[in-house]
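Q: I would like to learn how to read a few features of a protein model, going from ring pairs to domain contacts and backbone geometry. Where should we start?

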Amino acid sequence: MSTSDPVINLQTLIRCPSVTPAEGGALSALEAMLLPLGFKVERMVATEPGMPDIENLYARLGNKGPHLMFAGHTDVVPPGDEASWSHPPFAAMIAGGELFGRGAVDMKGGIACFVAAVARHIEKHGMPKGSISFLITGDEEGPAVNGTEKLLKWAAERGERWDACLVGEPTNPDALGDMIKIGRRGSVSGKVSVLGVQGHAAYPHLADNPLRGLLPLASALMDPPFDTGTDNFPPSNLEVTSVDVGNPATNVIPARASFAFNIRFNDTWTADTVKAEILRRLDAAAAGSPLRPGRDPVRYEITWAERPSHVFLTRNNALIASLSEAVETVTGRTPQLSTTGGTSDARFIKDYCPVVEFGLVGQTMHMVDERVALADLEILTQIYGTFISRWFDNALLP
């Protein structure tokens with residue numbers, strides 16, 4: 001099969017219904033693309049008690065440095081109501097110059113383009129001046145426990161070392177060339193439970209309404225702002241994401257109320273220091289709530305979510321310049337270097353090598369009728385191809 005056409009590559013991948021945690025044939029399809037190009041392909045199954053087993057793929061072309069990794073995922077989110085789609089979500093149909101299907105943008109499209117770019121590079125220049133590897137997981141859209149983190153460790157234990165990584169997540173807001181991600185904010189989530197005393201709403205002095213304690217505690221986490229941002233990051237932002245009382249009766253003061261929150265924090269903080277600041281704010285708000293005059297301090301408990309994501313910033317000038325120059329050469333646009341958005345598997349990769357992210361326009365990811373313009377697939381393939389050549393040239397400079 002020809003692998004130099006990103007449209008054909010993407011149609012093949014989309015037709016594999018690889019909804020997390022199912023492999024769905026997507027890794028087998030990718031393996032079939034890479035083997036004829038000379039890659040050595042290995043499949044690794046990661047396990048964890050209480051979690052579904054996840055199949056992952058690692059492939060390498062070449063056996064010397066410098067070593068460039070391309071990372072991504074073939075798993076996709078569920079399609080939702082398939083009847084709402086203009087075209088079946090796993091049919092990979094083309095209409096109006098666009099290719100429709102779940103994963104077209106996030107992120108089978110990026111994988112399809114990088115495969116095509118490597119194939120074209122080999123056709124035009126021969127084998128790369130070092131090594132190229134694909135590190136592809138099936139657990140990015142799920143809990144991310146049996147995916148990239150374990151695959152990286154598995155590969156590193158087998159002696160793999162990388163000099164740089166490009167993650168093919170959709171990074172562009174409006175048009176190809178808009179944005180390269182050079183870092184990510186950290187993320188910490190938690191749940192605060194406020195303890196009260198149940199009672200009749202008509203006799204509040206005999207009860208202790210936990211909502212009178214919850215409101216000032218939640219408010220204290222959202223205001224004042226945690227910071228004003230840094231040179232490379234926007235201000236940290238905490239959002240209360242749910243409030244739960246579990247009380248169906250309107251005349252009963254509940255015994256307990258809780259709220260969940262998530263903070264995306266910049267490099268002013270670490271996961272530990274932002275947790276300490278959250279606790280400081282909660283303690284201060286609990287000590288003197290205007291909604292509970294004459295009462296003892298609010299009693300609360302906090303539970304932290306496991307596995308916080310840590311903030312990071314890539315400072316590898318050769319990697320960033322190679323990608324920026326490739327984008328500008330192909331599109332004529334100067335990409336913004338950004339750290340906005342949510343988390344990605346780059347948060348694991350940054351512990352092994354410098355990492356940046358660049359992929360398709362993300363406007364339809366996770367939506368009904370997820371789709372990508374055929375022209376964008378060709379442009380992204382050209383960007384990736386130019387990047388491959390420039391990165392190896394830069395990496396080999398004395």
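A: Start with the aromatic rings. This is a predicted model, and a search of the whole structure finds 12 aromatic pairs.

Q: How are the rings of F226 and W269 arranged?

A: Two values are needed, the centre distance and the angle between the planes; a plane angle over 60 degrees counts as edge-to-face. The ring centres of F226 and W269 are 5.9 Å apart and the planes stand at 75°, so this pair is edge-to-face.

Q: Which parts of the chain does the pair of F226 and W269 tie together?

A: Look up the element that holds each ring. F226 is in the loop between α5 (210–222) and β12 (237–244), while W269 is in the loop between β14 (256–265) and α6 (271–287), so the pair ties together parts that are 43 residues apart in sequence.

Q: Are F226 and W269 buried or exposed?

A: Relative accessible area decides this, and under 20% is read as buried. Both F226 and W269 are buried.

Q: Which residue has its charged end over the ring of F226?

A: R281 does: its charged end sits over the ring, 4.0 Å from the ring centre.

Q: Which residues do ring pairs link into a cluster?

A: Pairs can be followed from ring to ring. Here they link F39, F70, F114, F134 and Y384 into a cluster.

Q: How is the protein chain divided into domains?

A: Domain 1 covers 6–184 + 311–395, and domain 2 covers 186–304. The centres of domain 1 and domain 2, taken over C-alpha atoms, are separated by 39 Å.

Q: What area is buried between domain 1 and domain 2?

A: The accessible area lost when parts come together is often used to give the size of an interface. Between domain 1 and domain 2 the buried area is about 650 Å², with 64% of it from carbon and sulfur atoms. On the domain 1 side, V311, L313 and T339 lose the most area to domain 2, together 64% of what that side buries.

Q: How many residues are in contact, and how many salt bridges are there between domain 1 and domain 2?

A: Nine residues of domain 1 are in contact with 10 residues of domain 2. The count of salt bridges between domain 1 and domain 2 is zero.

Q: Where is E48 found, and what does it touch?

A: E48 is in the loop between β1 (40–46) and β2 (54–61). Leaving out residues up to four places away in sequence, E48 touches V145, N146 and K150. Its relative accessibility is 32%, so E48 counts as partly exposed. From E48 to D296, 248 residues along the chain, the C-alpha atoms are separated by 44 Å.

Q: What is the omega of the peptide bonds from T20 to P21 and from G65 to P66?

A: Omega is read one peptide bond at a time. The bond from T20 to P21 is cis, with omega near 10°, and P21 lies in the loop between α1 (6–14) and α2 (26–34). The bond from G65 to P66 is also cis, with omega near -5°; P66 lies in the loop between β2 and β3 (67–73).

Q: What is the phi of A92 and of R307?

A: The sign is read together with the residue type. A92 is not a glycine, yet its phi is positive, about 55°. A92 lies in the loop between β3 and β4 (94–95) and counts as buried because its relative accessibility is 1%. R307, likewise a residue other than glycine, has a positive phi near 55°. R307 lies in the loop between β15 (299–304) and β16 (312–313), and at 39% relative accessibility it counts as partly exposed.

Definitions and conventions. Residues are numbered from 1 along each chain as its sequence is written. This is a predicted model: local features need pLDDT of at least 70, side-chain atom pairs count only at pLDDT 80 or more; totals for chains, interfaces and linings use all residues. Side-chain values use heavy atoms; hydrogens and water are left out. Rings of Phe, Tyr and Trp (its six-membered ring) pair if their centres lie within 6.5 Å; planes under 30 degrees apart count as stacked, over 60 as edge-to-face and the rest as tilted. Helices (H or I, at least four residues) and strands (E, at least two) are DSSP runs, numbered from the N terminus. Buried means under 20% relative accessible area, exposed over 50%, partly exposed in between (1.4 Å probe, protein chains only). A charge sits over a ring if NZ of Lys or CZ of Arg is within 6 Å of the ring centre and within 35 degrees of the ring normal. Domain bounds come from an automatic or database domain assignment. Contact means heavy atoms within 4.5 Å. Buried area is the accessible area (1.4 Å probe) that two parts lose on being put together, summed over both. A salt bridge is a side-chain nitrogen of Lys or Arg within 4 Å of a carboxyl oxygen of Asp or Glu.
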